[in-house]
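Let us take a friendly walk through this model, starting with a pair of helices and ending at the DNA.

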Protein chains: 2
Amino acid sequence: MSGEDNLLKLVEAEEPDENDYRLQEQVGFILRKAHQRHVSIFAAHIADLTPPQFAALAKLHDVGETSQNQLGSLIAMDAATVKGVIDRLKARGLVELSKHEVDKRRLLVNLTAEGRDAIEQLIPIAREITEETLAPLSAKEVATFMRLLAKLT
Amino acid sequence: MSGEDNLLKLVEAEEPDENDYRLQEQVGFILRKAHQRHVSIFAAHIADLTPPQFAALAKLHDVGETSQNQLGSLIAMDAATVKGVIDRLKARGLVELSKHEVDKRRLLVNLTAEGRDAIEQLIPIAREITEETLAPLSAKEVATFMRLLAKLT
DNA sequence: GCAAATTCATTCGTATGCAAATGATATCAA
DNA sequence: TTGATATCATTTGCATACGAATGAATTTGC
């Protein structure tokens, strides 16, 4: 190894971090891009519903009537966000609201017949969306990726 | 095996999908949650800047003066979004705008001295944010995860 | 060299997403 | 029982995020 190589190595050792922060390689940045891509794929398949709206309908279909807050925690939305989502679904006649008989603080949310029809029609399409989102990966890679992604939650 | 078991199996075979759409296992849903978690970690370390604002500053620090649109494509933001981000950074004195001498359509963006100081202070913290986001994974898992995540972009 | 197409930036409208504050109701604890 | 706490929902304010429409400036294609 020459003296110049030693000098180079020394300089690199002194400042390994300062000069090479690569935004494009940070997990947060790529996570944001991957999420953007998924939303775009979703919109291409389901134009008249957003992913959060779909999530709300799918979860209501799964668990039946629940309170707005409870639904929010099931689909990872805070109270303010879930309220907006439910308001818009209600305006379109896909869900209906009612007051909890015992606990007067709670606002119960449920699918309407139309909402139930809608989500049942959409679930097969949602499977395609998942498939297309994961299309760049092999079956084995999908399994690995989903396992690790779930660990980050 | 009883006749009832056969019937059950037949019904299941006919509709393998209808009855078991699990929102919590869909890549889009988990991606959204993982992104939310990252943003929350980011906010805990850097309270006075959002991830998109940080991305803009970091990229400007990297490439120097660029047009607003060019910056947007470098950090994966459409024109409308990047405008809002830059407007807010400008209002805080972290970036400055100027007109392109030749191409009068372009609006050039550059760091101010204050913006340069800020991003250089923040980069080490950003490394910690990346580390904390990936903390649930081992070093080997991180490498695998980042490789697969990048494939989805 | 000029009309058509493209690019850059802006604006508008809609939809998350979250912090913080507020009011109503329920629950807990002394 | 009642006073302190906690929970549920709402509202406000701010910050992405993107489609679509618009206008100004540039580039292309013939």
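The helices α2(B) and α6(B) cross in a right-handed sense. In this predicted model, their axes lie 10 Å apart and make an angle of about 145 degrees, with α6 of chain B covering residues 113–133. On the α2(B) side, the contact is built from Arg37(B), His38(B), Ile41(B), Phe42(B) and His45(B). Facing them from α6(B) are Ile125(B), Glu128(B), Ile129(B), Glu132(B) and Thr133(B). Sorted by class, the residues of this contact are four nonpolar, three polar and three charged.

Now to the DNA. Which residues come closest to DNA strand C? They are Thr50(A), Arg88(A), Asn69(B), Arg105(B) and Leu107(B), out of 23 residues that surround the strand. Of the strand's atoms that come within 4 Å of the protein, 79% belong to sugar and phosphate.

Three polar side chains and their partners on the strand are listed here.

| Side chain | Partner on DNA strand C | Distance |
|---|---|---|
| Thr50(A) | phosphate oxygen | 2.6 Å |
| Gln53(A) | phosphate oxygen | 3.1 Å |
| Arg105(B) | base oxygen | 2.6 Å |

Both chains supply helices to this surface: α3 (51–63) and α5 (79–91) of chain A, and α2 (27–45), α4 (68–74) and α5 (79–91) of chain B, each give two or more residues. The largest share, four residues, comes from α5(A). Taken by class, the surface near DNA strand C holds nine charged, seven polar and seven nonpolar residues. Helix α2(B) thus appears twice in this account, in the packing with α6(B) and in the surface near DNA strand C.

Technical notes: Residues are numbered from 1 along each chain as its sequence is written. Chains are lettered from A and ligands numbered from 1 in the order in which they are written. This is a predicted model: local features need pLDDT of at least 70, side-chain atom pairs count only at pLDDT 80 or more; totals for chains, interfaces and linings use all residues. Side-chain values use heavy atoms; hydrogens and water are left out. A residue is near a molecule or strand if one of its heavy atoms lies within 4 Å of it. A polar contact is a pair of N or O atoms within 3.5 Å; within protein, one must be able to donate a hydrogen and the other to accept it, and residues adjacent in sequence count only if both atoms are side-chain atoms. Ala, Val, Leu, Ile, Met, Phe, Trp, Tyr, Cys and Pro count as nonpolar, Asp, Glu, Lys and Arg as charged, and the others, Gly among them, as polar. Axes are lines fitted to C-alpha atoms, for helices over the stretch in contact, and angles run from 0 to 180 degrees between N-to-C directions. A crossing is left-handed if the near helix is turned anticlockwise from the far one by less than a right angle, and right-handed if clockwise. Contact means heavy atoms within 4.5 Å.
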